[in-house]
Structure formats: structure tokens, C-alpha cells
Amino acid sequence: MELGSILQFLEDKTILVTGATGYLAKIFVEKILRVQPKVKKFYLLLRAADAKSAAERLRDEVIGKELFRVLREKHGASLQSFISEKVTPVAGDISYEDLGVKDSSLKDEMWREVDVVLNFAATTDFDERYDVALGINTQGALHVLNFAKKCVNVKMLVHVSTAYVCGEDAGLIPEQPYHMGMAKKGDSKIDINFEKKMVQEKINELKLEGVPDKEITSAMKDLGIERARLFGWPNTYVFTKAMGEMLLMNRKDNLPLLIIRPTMIASTYKEPFPGWIEGVRTIDSIIAGYGKGRVTCFISGQQSTLDVVPADMVVSAIIVAMVARAKQHPEIIYHLGSSLRNPFNASNLHDFSFRYFSEHPWINKEGESVRIGKGIVLTSMSKFYMYMALRFLLPLKALQLLNILLFKTYQDLCTDLDRKVKLVMRLVDLYKPYVFFEGIFDDINTEKLRIIFKESCHETNIFDFDPTNIDWEDYMINVHIPGLVKYVMK
């Protein structure tokens, strides 16, 4: 099989992108507009009430970002006319049938014109409200599929999932689909319709009882975690993404489908420039917290691998996989990560963070440099719980006793410290499966794609997605951490 020219494939194509204000989606759109200006059109679905609001979101949250700096330099004063010609903002929401697009003429136009549909839309909060996560990550995937089926010229649907739909599997994790109803543990089958019905009944019941919205949100978050763990997934995010994949595999019929499963997505490696990041992701909250002096310990297994992949490599892989699928390449699922080919050890995160912030201290709100210590590494949860008990829980108990003796003089301080300790414990509970993750993501399908790409395409420098090219020390210290600091300091 020969891929031929990737750029030629992209020429004159019309592409629908959902979740267009998201991190990966923006990088995807920018990449194609920059390397193939002869792409015919992008329809970008944005959550908005109307066309005017969608246009404002496109301007402020997509094109206006620093990510588009290279494109702005390339087009100069003509950028606006170029964007107007190539990009159509669409007000909608994948939680609804027909993606919530109310403009019937625009909807008909999309069904006539669209060649490729990419679903980037997702809620990635580990403890999102269960009703919200079901609506976007599970039912939303089906709505995108149904919309794609109505596009008369559609070549494929590309669905961006996550490698962590594997739950807490260990060992070599294959690029295999999830079949309808398949749970990770127990004998029960997952009935997605029952899950939707149960959630709605629970919300109706809480509203009838007059429960405040804040408490409904808390109940929905707890329900999501409870249902996820019942079936063997660690959190609401990966559970609802797994159910989304089930629906796609079950209902795709003859529509060519790609399921892309990235691991932990980090800042751009090279394109359009190194170190662009938006949002504080998995490992980033630890790095930023450490730089600010708020994180004094690292929790990691002695041999734990953090599967990290730069965002621009993910986007390049998606584009190459699209071309392969269009040329009848049979693979459907691709793991995009680094743990098999170029592993990044969790202990290195501690080392690189210490070295960076020792040389480039974080500047706090008062304009002062934050001095950091080496910190300690806790290699098990039992060590973490002991550390928390000695460092925080025992002093908190002593303060609470003193507060009682002194007629609640320190009540506000006690309440604040108690809230912070509970928040830390909840976050650690959510992230624990990834800190001690013992899986390695097999990427045999992705490696086949890389081989075909290198053998039959001359555009390897434009669409690099080979993780063996990454020098983790250089990338983390000179690219990723500086990019993260720049984003957080904005």
C-alpha cells in the first residue's frame, strides 16, 4: 500500500471539526490551514447560542490564539479574508441530535459538502457530572456518527478518544475495540440506555425534593465515579469515553471509522513552534504546583512510566491515519503514545522539574522568586497516607482540639485546612490509577502506519509522529516546562 502525497489528499477537502475550541482541535485546524492552504473548507462546530456567538468564539478562542502566530505572519493583512473563505463557524452542541445545528440551510449544506468528520469534542474532567459526561462523551459520539452518515460524500469519521479507556489494565495493552456492554470487571453488562434513564430519574428525584443545584452537581459527580468503578473503570471520564467507543463500533455500519487513542498530551514539540500549550493537564498540575512551592512530594512507583506525547505529533498521526483509511488501510484503532518506543520514567519528572525551577524560579504574585526544595518521592500509597497523617492530619486534629478549647477562635482556619486536605485526598484518589499505572500501550497499528508513511511518502518532515525522535530531557527542560510556565503566568 502507498500513501502518496498527504498534502494532495487534503487539497479541496471539506472537513467538519467538533469541539473546535479544544486544544487538539485548534492544533489540527492550524496545521492544515498552514501546510495546505488549498483545503476547501472547515466547518467548526462551537458550543454557542447562535451564529454571532459562534463567530465571536472562533475569533477569540481559536484564530486569536498565539497558536496562529505563524499563520498570521504568513498571511499578514490578508489573514482575515483567508479565514473567512476557508472557515465557517457553526453554532451547535454534540449533546443533541444533528449536533444541535438549528440553521437548516447550513445543515443541508454541510450534509452535501463534508468529506471528513473529526470528533474532538469531549469533557475531560475525571469527576465530571455523570449526566454531562454521558451527554458529551457517550451520546455525543453517537450523534456525531449519525450526522456523519447523513453526509453524502463522507469518506470517514475520525473519533478522538483516549488510551486510558483501558481502565487500570496492566502489561501490554493492545489496540483493540470495546464491544457493546463489555465491562472491565464483574459479570454485569453495561446497558447504556439504562445508564441514561437512571441518571435522568435521579436528577428528577433530586429536583422534586428541592435539592439545591450545588448539591445536585455533587451527587451527579459521585454517581459518575460510583458507576465507573462498579464496571471497572477508575473515573467518569474514561468510563464514558469507553461507552462512546462501544456505540461507534456497534452502530458504524459501512461508514469508515478511525478511533484515535492518545495518551497524556503535552505541549507542541515543533509545530507551529515548540512549547505551545493551553490548559493545565495531568502532569502539568504537578509541575506547576511544585514550581509554586505548593507540592513538596512526588508520588510514583519506582518503575512507573508516564506515557507522554506532544500534541503536534498526535495531530500529524491523525492526518496520516486519515489518508491511510481513505486508501482502504484496514486498521481502525491507533494508540498514540511513547511508553513502548521511548518510555519517560516518572522519576525523571521530579528530576527535570527540580533542575528547571532551581535555575528559573517561579515568580509569585508579589514579584518574588519561589525557592523550592528537592522534595521527597513517595513510592507507595501507604507512604503517602503516612506522610499526609504526619504532615497535615495530626496538626489539623491538634488545631481542631485547640479551637474547641478556645471557644472556636480558630474556626475559619480549621475549616479552610480541612477543606484543603479533603481536596488533596480526593485529587490523589482520582489520579492514583495513573501515578501507579502498570500498563504499556502497544502501538503495532501506529508503527505499521509509520513504516508505510516513511516508505511511501516524501512529506515525513511535515508530518513527524515518531516518539523515538524525542529527547525527553531537552523537551521537558527547554520546551514543555517553559511553555507551561508561560501559559500559567498569563
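Guide: A polar contact is a pair of N or O atoms within 3.5 Å; within protein, one must be able to donate a hydrogen and the other to accept it, and residues adjacent in sequence count only if both atoms are side-chain atoms. The model is predicted, so local features need pLDDT of at least 70 and side-chain atom pairs count only at pLDDT 80 or more, while totals for chains, interfaces and linings use all residues. Residues are numbered from 1 along each chain as its sequence is written, and side-chain values use heavy atoms, with hydrogens and water left out.

Visitor: Which residue's backbone oxygen does the side chain of Lys86 reach?
Guide: Lys86 belongs to helix α5; helices (H or I, at least four residues) and strands (E, at least two) are DSSP runs, numbered from the N terminus. The side chain of Lys86 makes its polar contact at 2.7 Å, and the backbone oxygen there is that of Val39.

Visitor: Is Lys86 buried or exposed?
Guide: Buried means under 20% relative accessible area, exposed over 50%, and partly exposed in between (1.4 Å probe, protein chains only). Contact means heavy atoms within 4.5 Å, and, residues up to four places away in sequence not counted, Lys86 touches Leu33, Pro37, Lys38, Val39, Lys40, Lys41 and Phe42. Because its relative accessibility is 8%, Lys86 counts as buried.

Visitor: Which residue caps the N-terminal end of α3?
Guide: The cap is made by a side-chain oxygen that lies 3.3 Å from the backbone nitrogen of Lys52. Helix α3 itself spans residues 51-63. The residue that supplies the capping oxygen is Asp50.

Visitor: Which elements do the buried residues of α3 pack against?
Guide: The buried residues in this helix are Ala54, Leu58, Val62 and Ile63. Residues three or four places apart in an α-helix point the same way, because the helix has 3.6 residues a turn. The packing partners of the buried α3 residues are α2 (23-35), β2 (41-47), α4 (69-75), α5 (79-86) and β3 (87-92).

Visitor: How far apart are the C-alpha atoms of Ala25 and Phe120 in space?
Guide: Ala25 lies in helix α2 and is buried, because its relative accessible area is 1%. Apart from residues up to four places away in sequence, Ala25 touches Val17, Thr18, Gly19, Ala20 and Phe120. Ala25 and Phe120 are 95 residues apart in sequence, and the C-alpha to C-alpha distance is 6.0 Å.

Visitor: Which residue forms a salt bridge with Glu30 at 2.7 Å?
Guide: A salt bridge is a side-chain nitrogen of Lys or Arg within 4 Å of a carboxyl oxygen of Asp or Glu. Glu30 is buried because its relative accessibility is 0%, and its partner is buried as well, with a relative accessible area of 14%. The two lie in helix α2, 4 residues apart, about one turn of the helix. The closest N and O atoms are 2.7 Å apart, and the partner is Arg34.

Visitor: Which residues are linked with Glu30 in a network of salt bridges?
Guide: By the same rule, the count for the structure comes to 29 salt bridges. The network that includes Glu30 links it with Lys31, Arg34 and Glu271.

Visitor: Which residue meets Arg69 in a salt bridge?
Guide: Arg69 counts as partly exposed because its relative accessibility is 32%. Its partner is partly exposed too, with a relative accessible area of 22%. The N to O distance is 2.9 Å, and the partner is Glu66.

Visitor: How far apart are the C-alpha atoms of Leu255 and Val29?
Guide: Leu255 is in the loop between α10 (236-251) and β7 (257-262), and it counts as buried because its relative accessibility is 9%. Its contacts, leaving aside neighbours within four places in sequence, are Leu145, Ala148, Lys149, Val154, Met156 and Leu157. Leu255 and Val29 are 226 residues apart along the chain, and their C-alpha atoms are separated by 23 Å.

Visitor: How many disulfides does the structure hold?
Guide: A disulfide is a pair of cysteine sulfur atoms within 2.5 Å. Among the cysteines, Cys166 counts as buried because its relative accessibility is 1%, and Cys457 because its value is 5%. The number of disulfides in the structure is 0.
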